[in-house]
Amino acid sequence: MDKKTPLLEVENMKKYFPVRAGVFKRVVNQVQAVDDISFKVNYGETLGLVGESGCGKSTTGMSILRLIDPTAGRIILEGKDSTAWYMKGKDAKKYIKEVYENRFEQMMREFKTEDDVLKNLEKEIDKKMAKIYFEHGYHGLKKELREDLNEKKKFFRKDAQIIFQDPYSSLNPRMRIKNIIGEGIKTHGIAKGKEVNEIVADLLDKVGLSPEYIYRYPHQFSGGQRQRVGIARALALNPKLIVADEAVSALDVSVQSQVINLMDDLRKEFNLTYIFIAHDLAVVKHISDRIAVMYLGKIVELTDKKKLFEKPLHPYTVSLMSAIPVPDPENKSKRIILKGDVPSPLNPPTGCRFHTRCPIAKDLCSKEEPPLVELENDHQVACHFAGEFKG
Amino acid sequence: MNTENKNKEPLLKIENLKTYFRTEDGIVKAVNGMDFELYPGETLAIVGESGSGKSVTSLSLMHLLDENGFIPEGKMIYKGQDITKLSQNKMRKVRGNEIAMIFQEPMTALNPVYTIGDQIMEMIKLHLKLNDKESRNRAVDLLQKVGIPEPDKRIDQYPHELSGGMRQRAMIAMALSCDPSILIADEPTTALDVTIQAQILELMNKLQDDYGMAIIFITHDLGVVAEMSDRAIVMYGGEIFEKGDIVDIFKNTRNPYTWGLMNSIPRIDIDKEKLWAIPGSVPSALKFPKGCKFANRCFLATDKCLDDHPELVEVGENHLSRCFHIDKLKEEIDKVKAGESNG
């Protein structure tokens with residue numbers, strides 16, 4: 001695989017949850033949990049998703065893994081469009097027509113020749129799909145996107161894994177550790193019988209637990225040990241991508257640092273790619289290479305760790321950083337206290353979603369939504385007055 | 001702070017407090033010899049991980065222990081009066097009125113079937129003997145003071161109609177309703193988002209200036225401790241491991257547990273290649289080592305630590321630490337700093 005292609009690319013993803021009411025359970029409103037976000041995850045990097053409760057960071061993680069289906073958007077895995085894999089036939093047809101066929105047809109009318117269309121397409125994936133379309137038409141596209149689905153879907157159940165927040169509810173209390181960790185190994189036919197136990201014991205050793213524990217039940221472990229079991233389970237299938245959803249938030253300080261260090265070591269050893277979701281900016285800073293700051297369903301700032309902390313451009317990022325108490329009694333810096341609460345994603349504010357709490361909001365902010373644009377090299381920010389607020 | 005304190009009478013003095021729980025597996029010594037004084041207007045932080053006994057200390061003080069909990073030894077003296085053996089009836093006059101408490105999870109601490117106004121007014125009527133109208137006015141005033149917008153409308157709302165931050169504000173209003181001289185805050189911001197946490201911390205600082213109450217701040221978050229308190233107590237396994245002025249605790253740490261704790265947190269102001277890790281986890285209450293409770297996880301531990309129990313000794317002015325190897329700690333810290341991490 002060409003390592004320049006990102007492992008994962010999310011384009012304009014949305015996830016709305018319908019709110020139903022009345023006798024007929026009609027949809028009366030929608031919770032806009034994630035609204036039009038785009039980002040890339042490169043091989044071997046750790047992308048941190050950070051934000052307060054309700055900002056959509058967990059929904060993003062679940063949508064990426066297809067534990068829930070996103071409402072709209074395109075998710076590209078290793079250069080392949082995976083969006084249609086989980087769709088029903090009718091929806092898939094609509095998707096192919098909307099995203100590819102209609103667009104290519106329109107471009108043909110504009111640019112006349114197939115070569116010119118190809119030249120004017122920016123993305124590799126679009127070029128590839130256009131070539132297929134020009135050669136084989138709609139059925140070529142359908143074949144490309146919808147054939148061997150069982151094989152393709154394995155990415156999400158084998159190559160991508162998740163570590164959950166609560167180590168108490170994410171392990172089945174009635175299963176032994178060897179089955180919790182070994183289940184995937186058997187399901188995917190990687191090993192059988194005694195071999196499974198060997199692999200599990202090996203994994204336990206890797207995450208710092210004694211291999212003798214394979215016959216134990218989850219209740220025999222402490223919180224930190226359970227989280228290690230959760231990590232071993234995620235590693236069992238040798239995944240490429242691990243989504244860690246608040247993986248260290250429920251742990252005590254001393255145990256949290258052990259687990260963070262462990263995840264860091266495993267990343268190097270197994271060449272993993274992490275999407276690290278957390279509300280704690282200090283934890284995210286420690287573990288991530290790049291960080292996306294989310295607010296009310298939107299990415300407001302996305303850049304590498306160094307740039308984000310040296311020169312945050314979005315007023316929300318600046319305020320968030322200043323709100324974190326620093327464990328240094330001689331350095332009580334002046335806080336920026338944001339007013340009010342995070343608004344409800346049921347009725348998000350018009351224009352910029354942050355304008356109701358923003359210290360530098362102007363008239364424009366309530367009218368026009370700022371797009372996420374690349375202001376500096378690799379530094380994306382969604383604010384009309386980016387960089388103007390220093391705190 | 002401390003030089004002033006010496007001339008003042010302590011508001012609260014806790015001497016050798018022990019709180020045990022009877023369980024099926026034996027007696028659990030949740031708090032084992034707690035000593036501290038609280039002076040008017042100061043903020044004392046009690047820091048520790050889960051199972052350190054920090055919350056049990058405050059529940060003992062409030063006489064809110066579960067039925068299997070008891071206090072075999074120790075004294076709690078509030079304004080010169082020993083409240084350790086006070087009957088529930090007499091304690092009721094102190095609790096809420098003199099010593100008030102706010103909890104971590106405002107949703108479970110508030111009663112979901114009463115409006116927040118009813119709950120605040122209940123306290124006011126009980127302790128201050130005001131009539132309906134007066135107590136309602138006082139409740140509206142309080143809600144205004146804690147920064148709840150439109151207090152005359154909010155007072156008739158139920159807890160579920162308020163956001164997490166607003167609920168915590170309502171809890172604070174309730175705690176302040178009788179002008180307590182001590183406010184115990186048990187992890188008041190742990191369940192809140194950082195921007196809301198900043199609001200609540202600012203509010204607590206402001207209210208302390210206005211009302212002059214002393215605050216006992218119980219938390220595991222060292223950032224919050226550094227931000228809020230004048231003095232701190234670090235607890236582990238039901239014992240005080242280090243006690244002192246906040247600057248001493250953070251800048252002149254004299255205990256390996258405190259030091260490990262501080263270095264294991266990721267920080268936004270400092271870049272760390274790797275975090276310090278305290279090995280293992282807090283043992284269950286019955287399984288602590290018999291000597292020093294931290295011996296099995298300590299990087300300085302020797303055989304002596306496993307067998308003998310260290311006493312809390314003075315290591316500086318108003319600065320106490322419980323460790324056999326206080327002198328060795330400094331050398332070791334320098335060594336560790338040079339090598340950066342223990343992996």
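Colleague: Where do I start with chain A, say with how much of it is buried?

Modeller: Buried residues make up 43% of the 391 residues in chain A. Keep in mind that this is a predicted model. For overall shape, compare the radius of gyration with that of a compact globule: for 391 residues the expected value is near 21 Å, and chain A has 23 Å, which agrees. Its C-alpha atoms fill a box of roughly 65 × 60 × 50 Å along the principal axes.

Colleague: And how many helices and strands are there in chain A?

Modeller: Chain A has 13 helices and 12 strands. As for how the chain folds back on itself, take the contacts with a separation of 6 or more: residues 24 or more positions apart account for 64% of them.

Colleague: What are the matching figures for chain B, starting with its helices and strands?

Modeller: Chain B comes to 14 helices and 12 strands. Of its 343 residues, 49% are buried. A compact globule with 343 residues would have a radius of gyration near 20 Å, and chain B, at 21 Å, agrees with that. The box around its C-alpha atoms is roughly 65 × 45 × 45 Å. Among contacts between residues at least 6 apart in the sequence of chain B, 66% join residues at least 24 apart.

Colleague: Now the sheet in chain A. In what order do its strands come?

Modeller: Read across the sheet rather than along the chain. Here 8 strands form an open sheet in chain A, in the order β6-β7-β8-β3-β9-β10-β12-β11, with mixed pairing. The edge strands are β6 (160-163) and β11 (373-376) of chain A, each pairing on one side only. Ignoring direction, neighbouring strands of this sheet are turned by 20° against each other on average.

Colleague: Which way do β7 and β8 of chain A run, parallel or antiparallel?

Modeller: Those two run parallel: 5 bridges join β7(A) (residues 241-245) to β8(A) (residues 273-278). To find one of the pairs on screen, look for A244(A), whose bridge partner in β8(A) is F276(A). For an antiparallel case, go to β11(A) and β12(A) (residues 379-381), which are joined by 3 bridges. There E374(A) has Q380(A) as its bridge partner in β12(A). The hairpin of β11(A) and β12(A) has 2 residues between the strands, and D378(A) takes a positive phi near 60° in it.

Colleague: Which helices lie across strands of chain A?

Modeller: Two to look at. Helix α8(A) (residues 223-235) lies across β6 and β7 of chain A, at about 175° to β6(A). Helix α12(A) lies across β9 and β10 of chain A and runs at about 100° to β9(A).

Colleague: How should I read a pair of packed helices?

Modeller: Two packed helices are described by the angle between their axes and the distance between the axes. Try α2(A) (residues 89-111) and α4(A) (residues 124-146): their axes come within 11 Å and cross at roughly 170°. An angle over 145 degrees counts as roughly antiparallel, and α2(A) and α4(A) are therefore roughly antiparallel to each other.

Colleague: Which residues of α2(A) and α4(A) meet?

Modeller: From α2(A), they are A92(A), I96(A), Y100(A), E101(A) and F104(A). Facing them in α4(A) are M129(A), A130(A), Y133(A), Y138(A), L141(A), K142(A), L145(A) and R146(A). By class, this contact of α2(A) with α4(A) has 10 nonpolar, no polar and 3 charged residues. As for spacing, an α-helix has 3.6 residues a turn, so residues three or four places apart point the same way.

Colleague: Back to α12(A). Why is this helix said to be largely enclosed?

Modeller: Count its buried residues. In α12(A) (residues 315-323), 9 of the 9 residues are buried, so the helix is largely enclosed by the rest of the structure. These buried residues, among them Y316(A), L320(A) and M321(A), pack against α10 (281-287), β9 (290-295), β10 (298-304) and α11 (305-310) of chain A, together with α9 (194-211) of chain B.

Colleague: How many residues of α12(B) are buried?

Modeller: Helix α12(B) (residues 256-263) is mostly covered, with 7 of its 8 residues buried. Those include W259(B), L261(B) and N263(B).

Colleague: And how many residues does each chain give to the contact between the two?

Modeller: Chain B gives 39 residues and chain A gives 35. On the side of chain B that touches chain A, the elements giving two or more residues are α9, α10 (222-228), α11 (246-251) and α12 of chain B. The most comes from α9(B), with 7 residues. By class, this side of chain B has 19 nonpolar, 11 polar and 9 charged residues.

Note on methods:
Residues numbered from 1 in each chain as written. Chains lettered and ligands numbered in written order. Predicted model: local features only at pLDDT ≥ 70, side-chain atom pairs only at ≥ 80, totals over all residues. Buried ≥ 20, exposed ≤ 12 C-beta atoms within 10 Å, placed from the backbone. Helix = DSSP H or I, 4+ residues; strand = E, 2+ residues; numbered from the N terminus. Contact = placed C-beta atoms within 7 Å. Nonpolar A, V, L, I, M, F, W, Y, C, P; charged D, E, K, R; others polar. Axes fitted to C-alpha atoms, helices over the stretch in contact; angles between N-to-C directions. Parallel < 35°, antiparallel > 145°, perpendicular 65-115°, else oblique. Pairing = 2+ DSSP bridges. Rg over C-alpha atoms; globule rule 2.2 N^0.38 Å.
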